[in-house]
Amino acid sequence: MKKLYLPLLLVLFVVGFASAQRTVSGTITDTEGEPLIGASVLVQGTGVGTVADFDGSYTLEVPEGSNVLVFSFTGYAQQEITLGASNVIDITLEEGVELGEVVITAIGLEANRRSLGYTVQNVDAGDIVASKETNLLNALSGKVAGVTVTSSNGSPGGSSSIRIRGNTSIGRSNSPLFVVDGVPIDNSEIFTNGTSTGGVDQSNRAIDINPNDIASVTVLKGPSATALYGVRAANGAIIITTKAGKEGKPQIDITARYSVDEVNKLPARQSLYAQGRPVGGVPIWRGPETAEGFSWGPAIADLEFDGSEYAYDQNGRLVPAGTGNGLPARAYDPYTYFKNGNTYDLNASVSGGNEFMRYFISGGNLSSTGTAPNADFERTSFRVKLDSDLSDKLSASMSANYINSGGFRLQRGSNVQGVMLGLLRNTPTFDIGNGKEGQEAADDPATYVLPDGSQRSYRAGVYDSPYWVSNKNPSTDRVNRIIGSTSASYKFTDWVNLTYRVGIDHYTDRRNGALDINPGRSDGLVEQNFISNTDISQDLLVTVSKNISPKIGFSSTVGGNAFSTDYYRHNATGTTLSAPNFYHISNATDIVADEIVNRKKLYGVYGTFDFNYDEYLFLNLTARNDWSSSLPKDNNTFQSYSASLGFAFTDALGLQNSTVLPYGKLRASYGVVGNDAPIYATSNYFGGALIGGDGFITTIQFPAYGTNAFERNVGLGNDQIVPEKTTTWELGGEFKFLRGRLGLDVTYFSSTSEDQIISVQLPASTGFTSVVQNAGKITNKGWEIIFDATPVVAGDFSWDVQANFTAIENTVEELAEGIDNIGLAGFTSTQSVVIPGQPYGVIWGDGFERTDNGDLVIGADGWPIASPDKQILGDPNPDFVLGIRNSFSYKGLTLSGLLDIRQGGDMWCGTCGIMNYFGVTEQSALERNDVVVFDGVTADGQVNNTPVALADPAAGLGAYYRVRYGFGYSEMEIYDTSWLRLRELTLSYNLPDAVLGSTFLKGATISLTGRNLWLKTDYPGVDPETNLTGSSNGFGLDYFNQPNTKSYSATVQLTF
Amino acid sequence: MKYLSYILIITVLLFSACSEETFEELNTDPTQLSDVEMRLILPEILTQAAYNKGATPGRMAGIVMQQFEGFDAQQVAYTSYVIGSDAFNNYWNTGMYAGLLRSCQVLNDKAAEEGSTFYSGVAKTIMASEYGLLTSFFGNIPFSEALKGTENLKPSYDTQESVYNGVLAMLDQAISDLGSGTGYAGGDLIFDGDAAKWIATARALKARYQMHLQKRNGSAASDALSSISGAFTSLADQPTFNFGSAQIDNWSLGKFGLERPNTLVIANTFAERMDGDPRQGKYMVTDGTTWFYWENGNAELVWSVNNAAIPLISYVEVKFLEAEALARTGSDPSAALAEAITASMQQVGLAEADYADYVAANSDVSGLGMEEQVQKIIEEAYKGYYGYNFSESWSNFRRTGYPALTPDPNGSNGFNPSGGIPKRFPYVVGEAQTNADNLEAARAAQGGALLDVPVWAFE
């Protein structure tokens, strides 16, 4: 290997000395000699290229060192020409054959797209990088039919979840398998400092993949595509292929980006009423020192300052107008807390090779700051990929990827130590910034600490000031990760090939979280977590490829896989801190330590068998058998299998040269994939005793009182579990019309997931609260439509459209006998649940009593009546999602926009409910003096006509509409999240050869990108693309979630 | 196809090479135990029993009985009786059935297997006591079919009458077990294995639940007096649990003060009632407008400090029970009442000089009729139970109507249509989700189970 280093080092120093170049010209025509207007010519491996003009002619400056031109045109086969002595290259492109696109399928096999009987969809590197997303998942949003991506919030390094063809499993993860260069990698989101509903949002680990390293992403959607992966790809698979070197002189690419982020949407607040509540029938101002939570005080216009010495406001206390110093009271805007975040992203790579060895080496650094002061995220990655042909028969490749990532995260969600809780509840008459804004306010302790050392916040430290959160409740994480793989292939004959591949994904994550001493309120806490996860996957496979007869082709791959995962977490939580501002475990007085060890092994044997008849009829059969350590000993094996058929009828009928429909293929497939059980679910255990049973306060954890104690776990073990099974059939077709200018890919699928392994809630009166059992059946049916078109090609101008449409109907068909409801995530008052006959994840919570025909039942006092029973309140599943990309290019200039449309889907705006309760929403000010008659009927069936005042001080706070039903009433806060958003808008410019000619650059591109620039939605909270519970199975919940962002970025990309 | 057999052979070798542990070993959690000793089960039971007194049921009874009132958030809703099926879900699930009661059952079963009458006696004592509280809160509850795991995944609800009978029978069994009291090996955080003291505790508990049945059983008072004759006779001998002073082992009411500040405060009417009472400064502190039950670091507030000493049943209660039983059986309760009030004063750390006048002025009821005597006793118990025994103030109120309280003016709602002071706690959402048929049957058997429907014993 030593030999390798020298050329690589040389490469790094020799950059850019060559600048001589040649001019190549010619014409591009079809087989009939007609000019192909708009056909493109690219210098391979560079951004240098041009398009053919009206007579099909082109002229191109080819940089020195490059000698391969790539000719392509929609609907025609691509051709690569190696330059010889001549500078004139006339080329004839053949129709149709371009459809032989190579895609990566399960276990890293390559297949010709036309031979597949199921749908797969590719997203190429350009589309991923162009979205300027830190998190790879977000870069897929709107680009793949059948795929939905939800980012939980806009914090730097925030998590995202991805679903392929909807949710299929109640109890297990619904996240697809991620595979990088044949190696499955971990994409879990591990909550430590807090829970899924409160605490700190962590990254999902796919964030460690640098989008700049990706050559392409293939999405395998259904069991037919993924059966070879078996259980691990029960929810589909995201197959990532990274960039590899190509034979040729070293090429260096450098990309630099700068982005600015700002908050894109926040709930509307009132600025008319002061902090306070009615006392003795009259709203009075009660200042922060009273810890008053409500803003149901007097009108701000009726108040003035008294000029007294007052720690919470330099102008003094508030008194009725006319009794103070004449300085009118005012409302402050707490949203000045948010600042602009920014991101620097720098990437460099060098690639090249000779006939024996190709290399690709890259490094990247991304550094982001958040829209909330002090929040940040950083990712540094290095990658090396080597491919070598050691002999005619033996080839080997190896790749290694090191990532260091992590950041400073802020508390969020249901959590009095969170940013949004203290910020949104803040009363209009308290200036949280103390005269300053954003980072400047955050950097001045006087903003959030009073001279006596206690906290400066609108409730005197009951809820933390967001500025306190930014400084005093730190949570950091630092991941060190290595993803490496090695494979070797030996070609026995030209039709038998043996491959061995081993991949390791190992990371450690060191996390430190703390809540500083909040004098008079809390004695502080330090939480340390050390996490280590190691996934090892080995495959040994043999591929046979031989035609059975001249017309019947056959190929097959048979192999075995061994997978093991080993997760370890050590936690130490220390309470009662001794010194402030010191966030180390040694500062704690009481320390509790814990550890978690999760291990699993999975063995699989698999085979895939492909037959084709005359290159137009394709049959694929696959089978896999898995053995899993998490299943009961006597029943630990299960099977996945599939069959698919593809029929290219245009080829069968000899229509390839038709201009109307040169290509058409029909597909049909059927597949079954299993899913195993959670670990340790087969037996009962005794764990450390916890004293709890009160949702408002913390537990007592043994050891305590000088002894240890154990209790039988509340989860009942089950050694009778059988594997889950998802069966899918799909029908579809791909069509190319008008010489390929118009394309349509339609898929209908229907999947049924049975024997769902669910942690089923038991009546606690059994002595257990849950049991893992097979209990449930969910169906997903849906349409996936991909449409692409090139409506206009005129000279140098072209217009391309691509649209992805997804509509999924999801139904929970049945749950186990006697179970009518299983909670997925949320709070006892409002949850995302599964209920038979309903879509997955419906929102369920407190609602009003209604008559059989849906009218509200109104009490004799004129108020709607809260039902003692919980109800289904909304369905968070969208009716459809549609992503439409329009690209316009003229010479080197490209304008591209991705419009994202989501129709339907409800969300519980818990944030809105609590803000209404406290009287800080705009709504609560607008309706404050209203007297209304609620639509509905009284108990005797009469139409209600009793008026009620929504906020009558004389009746007391407990009688207010927004207070009387409790702490944010679920039914009042269910909203439709339909949206229309401009997810991406990019303007990019490839510098022409005329400019580059005199430099050492082979290519240069400058682009300006806007993300989320425009959003239209009726949802009253933050951007409705949000999810409190991160990548968990529950969704449709918004409770003091961090806001989302929009961003503007500029990128320069240079090729040497 | 010969390569296929090669690959299978190689695959098998590959797997066996990397598999030093069997699947079964791998799927065994190394961080947990499959069985534990009894001495390691008991501490949880005792701690949870004490913790519950300041947790949801304690605080809610305090709100309903107008000793507390909500100042913010959920507690405001509770104050106007918006008490839904969420409110007690955690308490019912992990506090009781799959918590304390589960561990009592595990301990009792283990003790029976291993022949330790000490552990079975203590397990039964606590289990009976907690079932008694549970039925007083909810009426009909799962009892005879409860805690059987896979044997019965849908336990039905027993009538309150049969639960109370079961509780009293279980206490008798406990007393019998503790009579031999063998096999103690540690874990008794309250009496360190002193079986006699547990017997005295069980007898005191019997008296409590016998008096719960006073409206249903003509001999309740004399039964109670007979039980009290074997109960403990001093504050020193009552079963007291001592909490720690840190946020990880502190008393639940102290936790609530620290972790949910300013959401719950002392009700003004209770503060007024305590004006001039020597205990007022031990119960509450004011900023001039609002009375607080908790203040960070204020060691005077004995019922909200972190390291509170919480009796599972107090000598104060024994004496109040005795006073009421004496009154109801036609004897003069004055001496017992004086002793009850005195014990209450001593329990919060007051000296005789502080309370002698108050006791003298409030304990002589010899000249009153039976009903007036009972009223005085229950009103004094209302003050004497504050902070650690909210549930019994509420039981007393539901049984006797004392002290007279005015319902919250906004107290009529879907959970409490008639708007009066709640007569029971609502069943929990977890049972509605998982045991709906049995729950519905229980509701039907009691003529409904909204907050304004009385439970059988107190009807």
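**Reading strands, cores and contacts in a two-chain model**

Trainee: How many bridges join strand β41 (residues 724-737) of chain A to β42(A)?

Mentor: The number is 13, and the two strands run antiparallel. Helices (H or I, at least four residues) and strands (E, at least two) are DSSP runs, numbered from the N terminus, and two strands pair if DSSP finds at least two bridges between them. One pair of opposite residues here is A:T727 with A:T752 of β42(A). Four residues lie between the strands of this hairpin, where A:L738 takes a positive phi near 45°. This is a predicted model, in which local features need pLDDT of at least 70 and side-chain atom pairs count only at pLDDT 80 or more, while totals for chains, interfaces and linings use all residues. Residues are numbered from 1 along each chain as its sequence is written, and chains are lettered from A and ligands numbered from 1 in the order in which they are written.

Trainee: Which strand does β42(A) meet through twelve bridges?

Mentor: That strand is β45 (residues 777-794) of chain A, again antiparallel. Within β45(A), A:G782 stands opposite A:F749.

Trainee: Which side chains of β42(A) are buried?

Mentor: A residue is buried if 20 or more other C-beta atoms lie within 10 Å of its own, exposed if 12 or fewer, and partly exposed in between, with C-beta atoms placed from the backbone. The side chains of strand β42 (residues 742-754) alternate: A:G743, A:D745, A:T747, A:F749, A:S751 and A:S753 point to one face and are buried. The other face carries A:L742, A:L744, A:V746, A:Y748, A:S750, A:T752 and A:E754, which are not buried.

Trainee: What is the order of the open sheet that contains β44 of chain A?

Mentor: Its three strands follow the order β40-β44-β43, with mixed pairing. The edge strands, β40 (715-716) and β43 (757-761), each pair on one side only. Two bridges link β40(A) in the parallel sense to β44 (residues 770-774), and A:L716 has A:V771 of β44(A) as its bridge partner.

Trainee: Why is one side of β58 and of β61 of chain A left without a neighbour in the sheet?

Mentor: These strands belong to an open sheet of order β58-β54-β61, with mixed pairing. Because β58 (974-976) and β61 (1037-1038) stand at the edges, each with a single partner strand, one side of each has no neighbour in the sheet. Strand β54 (residues 906-909) is joined antiparallel to β58(A) by three bridges, with A:W908 opposite A:I974.

Trainee: How should a nonpolar core be read, and which residues of the largest one touch the most other members?

Mentor: In soluble globular proteins, nonpolar side chains tend to be buried together. A nonpolar core is here a set of buried Ala, Val, Leu, Ile, Met, Phe, Trp, Tyr and Cys residues joined through C-beta atoms within 7 Å. The largest has 258 residues, and B:I41, B:I45, B:L107, B:A224, B:I266 and B:Y293 touch the most other members. Helix α7 (residues 117-138) of chain B gives the most to this core, with twelve residues. A second, separate core of 59 residues includes A:V180, A:L220, A:L228 and A:A562.

Trainee: Which residues are in contact with B:I45?

Mentor: Contact requires C-beta atoms, placed from the backbone, to lie within 7 Å. Leaving aside neighbours within four places in sequence, B:I45 is in contact with B:L100, B:S103, B:C104, B:L107 and B:I126.

Trainee: How enclosed is helix α10 of chain B?

Mentor: Seven of the nine residues of α10 (residues 220-228) are buried, so this helix is largely enclosed by the rest of the structure. They are B:A220, B:A221, B:D223, B:A224, B:L225, B:S227 and B:I228. Their cover includes α9 (195-212) and α14 (315-328) of chain B.

Trainee: How many residues of chain B are in contact with chain A?

Mentor: There are 96, in contact with 90 residues of chain A. Several elements give two or more residues to this side of chain B, among them α1 (2-17), α3 (42-54) and α6 (89-114). The largest share, 15 residues, comes from α6(B).

Trainee: What confidence does the predictor give to chain B?

Mentor: On pLDDT, the predictor's confidence in each residue from 0 to 100, chain B averages 94, and 95% of the residues score at least 70. The model scores ipTM 0.93 and pTM 0.86.

Methods: Two residues are in contact if their C-beta atoms, placed from the backbone, lie within 7 Å.
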